[in-house]
Amino acid sequence: MVPWRRLHSQAWWSLGLICLVSLLAMGHAAFAADAKKSTPEKSAPDFGPTMRFVVVRSSAPGCEPTCPEWISAEGSIEAGTPALFKRALKALGGRKLPIVVDSPGGNVEAALTLGRLIRKNKLDIAVGKTRFVGCLPDVKNCKENDGKGARYFGNAYADGAICNSACPLMFSGGIRRVVGEWAFLGVHQITTTYIRTKLLYRTTYRMVKGKKKILSTRVVSRKNAGSYKTYEMNKPLERKLAAYLKEMGIGLGVLETMKSTPASSIQQLVPYDMLQMNLVTSLDAVDLLIAPTLCRSNPLPASCREVPAPANITKPAGEVVAKAEPAPAGLETPRPKEVADMRFVLVRGSNPLCNPNCPEWISAEGAIAPQTPQKLRQLLAMLGNRRLPVVVSSQGGDLFSALAVGRLIHEKKLDIAVARTDFVGCDPGEWSCLAKEGAYAGLTVDSGAVCDSACALMLAGGVRRFVGPQARLGMYLMGQQQIIKPYLEDMAIGPGLFAALEQRSVERQLEPDLMLKVGLTTGPQSVDALTGATICKPSPKPDNCRVLPSASAEAETPAKL
């Protein structure tokens with residue numbers, strides 16, 4: 001190459017020739033360049049606003065000063081969404097908050113990255129929406145929550161929430177994964193879009209000893225030359241998704257459903273199918289992760305944070321303290337305030353004698369409250385056609401709710417027994433307690449179990465009704481004869497029970513012989529008749545028996561794509 005300081009007229013002519021040739025080459029490159037890009041994404045023309053991540057504190061009454069918090073993730077998944085999520089996690093400084101997600105889907109690669117970030121940070125996830133109180137995420141300079149210890153407050157709910165398209169891939173990364181009956185999780189085929197782009201290059205070179213020496217090449221313009229889509233999943237992408245689902249411990253049934261559902265449609269996965277695919281870890285809803293009662297456990301979950309009340313807050317002059325009015329006589333059994341409302345939990349027998357075919361049941365413990373029928377209805381909907389016995393222990397509660405629960409049990413033709421469930425390993429109420437294969441491990445015991453007042457009406461709804469020798473059942477009419485008598489008739493319980501109750505003005509334990517005589521119980525057996533380790537041995541097996549494949553059997557089963 002000739003040094004610049006020694007350039008003469010010939011050298012300048014050579015350089016000018018180089019510039020001219022480079023311009024000609026540029027013009028030729030405009031027709032020769034043809035790039036092809038592949039962008040896997042879910043088939044939806046408009047996913048709406050980009051997903052945003054907001055830390056929310058529960059606004060549930062009475063939870064302060066220690067309330068649960070969560071990450072609200074709402075919107076479409078785009079290429080830049082993982083970077084936003086990383087920023088949100090960094091701001092939390094290591095706190096592990098559950099994610100409440102509501103998303104129509106979006107970019108597949110980004111969803112896979114989000115799922116891996118969620119799993120790496122060991123976070124739980126639920127499909128749900130967040131209803132904000134006070135400041136909204138899209139409102140700037142909002143000061144309504146200033147001084148309250150959090151920027152955003154709200155409550156999470158499942159009704160109408162969605163996790164569709166690519167969102168289930170993100171969802172798969174959670175440690176605990178819950179959807180709930182009223183939420184919607186759906187999949188369909190992946191759409192691969194091929195975009196043709198014409199690139200215009202500028203290449204600069206010079207002639208050195210009769211040969212071209214390229215000095216630089218750069219793109220000076222891009223033009224869209226059209227695109228086309230294909231709905232057939234190519235083998236590399238199929239292998240990639242299969243490997244990801246296996247990494248997350250999710251059954252390949254999810255992938256099969258994706259492949260078999262047209263991109264123009266969406267296949268909602270029902271709760272029990274998701275449980276079988278291990279896409280959900282239990283048949284719970286978003287409340288499992290964000291309920292205020294979580295912050296009463298010891299130790300506190302990482303999602304609970306204490307915010308001391310400001311010291312300068314005083315009660316305004318003349319403020320009236322509201323007092324709860326007593327319930328009408330006979331409508332509710334008095335119960336201590338510290339007794340939690342009834343919860344329903346799916347339990348699998350943990351006696352090693354039953355493996356791999358063990359009985360399962362619904363544990364119902366706590367006070368019967370107005371929301372109790374809805375909770376049971378939701379769990380039964382998740383179970384689909386499976387009929388599991390109910391194992392109940394309750395001191396009573398709301399009369400009309402007990403009647404509704406009893407009618408629901410009768411309608412679904414479920415058996416019921418009075419007993420306690422002793423959970424093995426951990427209690428479902430603990431934030432760190434995880435269900436395995438959708439159910440918690442436990443054993444049933446008669447000793448110490450009670451079913452008093454309104455609970456006895458709940459028991460009356462069962463097809464088979466058992467009260468073991470060490471369990472206790474107490475009942476009286478509670479001043480509502482005109483309501484209870486037709487209910488007992490509907491449950492096909494003879495008038496002998498009502499006649500026996502009329503002789504009592506206060507609650508009293510019912511003797512086993514009396515319960516059997518008047519038809520409140522159907523036999524002298526205990527809860528073991530429904531949940532014992534040996535009930536799954538005979539053939540045909542009861543409806544509540546379920547076989548779990550062994551780890552070795554799963555490893556030997558070839559993958560089906």
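In which strand is E360 found? E360 is found in strand 16. The structure is a predicted model of a protein chain with 561 residues, 47% of which are buried. This briefing covers the chain as a whole, then a pair of helices, then E360 and several residues in loops.

**The chain as a whole**

- The protein chain holds 16 helices and 25 strands.
- Among contacts in the chain with a separation of 6 or more, 77% are between residues 24 or more positions apart.
- The accessible surface is about 28,600 Å². Carbon and sulfur atoms account for 55% of that surface.

**Helix 9 and helix 10**

- Helix 9 covers residues 372–383, and helix 10 covers residues 399–411. Their axes come within 8 Å of each other and cross at roughly 20°.
- Helix 9 therefore counts as roughly parallel to helix 10, since angles under 35 degrees are classed that way.
- On the helix 9 side, the contact is made by T372, P373, L376, R377 and L380. On the helix 10 side, S401, A404, V405, L408 and I409 take part.
- By type, the residues of this contact are seven nonpolar, two polar and one charged.
- Helix 9 has 12 residues and spans 17 Å from its first C-alpha to its last. That span is close to the 16 Å expected at 1.5 Å a residue.
- The buried residues of helix 9 are T372, P373, L376, Q378, L379, L380, M382 and L383.
- Helix 10 is among the elements that cover these buried residues. The cover also includes helix 7 (271–276), strand 15 (343–349) and strand 16 (357–365).
- G384 comes just after helix 9 and has a positive phi of about 65°.

**E360 in strand 16**

- E360 belongs to strand 16, one of the elements covering the buried residues of helix 9.
- The relative accessible area of E360 is 0%. E360 is therefore buried.
- Beyond its neighbours within four places in sequence, E360 is in contact with L346, V347 and R348, and also with R386, L388 and P389. Its other contacts outside that range are A439, N544 and R546.
- E360 and L443 are 83 residues apart along the chain, and their C-alpha atoms are separated by 10.0 Å.

**Cis peptide bonds**

- N355 and P356 are joined by a cis peptide bond with omega of about 0°. P356 is located in the loop between strand 15 and strand 16.
- Another cis peptide bond runs from S539 to P540, where omega is near 0°. The loop holding P540 lies between helix 15 (528–531) and strand 25 (545–547).

**Positive phi outside glycine**

- S165 is not a glycine, yet its phi is positive, at about 60°. S165 sits in the loop between strand 8 (162–164) and helix 4 (167–171).
- With a relative accessible area of 3%, S165 is buried.
- K413, also a residue other than glycine, has a positive phi near 60°. The loop between helix 10 and strand 18 (416–418) contains K413.
- K413 counts as exposed, because its relative accessibility is 54% and the exposed class begins over 50%.

**Two further loop residues**

- V179 is in the loop between strand 9 (177–178) and strand 10 (184–187). Its relative accessibility is 2%, so V179 counts as buried.
- Leaving out neighbours within four places in sequence, V179 is in contact with V127, A158, F171 and L185. M274, V280, D284 and A285 complete that set of contacts.
- V179 and I162 are 17 residues apart in sequence, and 9.2 Å apart from C-alpha to C-alpha.
- N278 occupies the loop between helix 7 and helix 8 (287–290). N278 counts as partly exposed, because its relative accessibility is 22%.
- Outside its neighbours within four places in sequence, N278 is in contact with R177, G249 and I250.
- The C-alpha atoms of N278 and M248 are separated by 9.7 Å, while the two residues are 30 residues apart along the chain.

Conventions
Residues are numbered from 1 along each chain as its sequence is written. This is a predicted model: local features need pLDDT of at least 70, side-chain atom pairs count only at pLDDT 80 or more; totals for chains, interfaces and linings use all residues. Side-chain values use heavy atoms; hydrogens and water are left out. Helices (H or I, at least four residues) and strands (E, at least two) are DSSP runs, numbered from the N terminus. Buried means under 20% relative accessible area, exposed over 50%, partly exposed in between (1.4 Å probe, protein chains only). Contact means heavy atoms within 4.5 Å. Accessible areas come from the Shrake-Rupley method with a 1.4 Å probe; for residues, only the protein chains shown count as cover. Axes are lines fitted to C-alpha atoms, for helices over the stretch in contact, and angles run from 0 to 180 degrees between N-to-C directions. Angles under 35 degrees count as roughly parallel, over 145 as roughly antiparallel, 65 to 115 as roughly perpendicular and the rest as oblique. Ala, Val, Leu, Ile, Met, Phe, Trp, Tyr, Cys and Pro count as nonpolar, Asp, Glu, Lys and Arg as charged, and the others, Gly among them, as polar. The expected span of a helix is 1.5 Å times one less than its number of residues.
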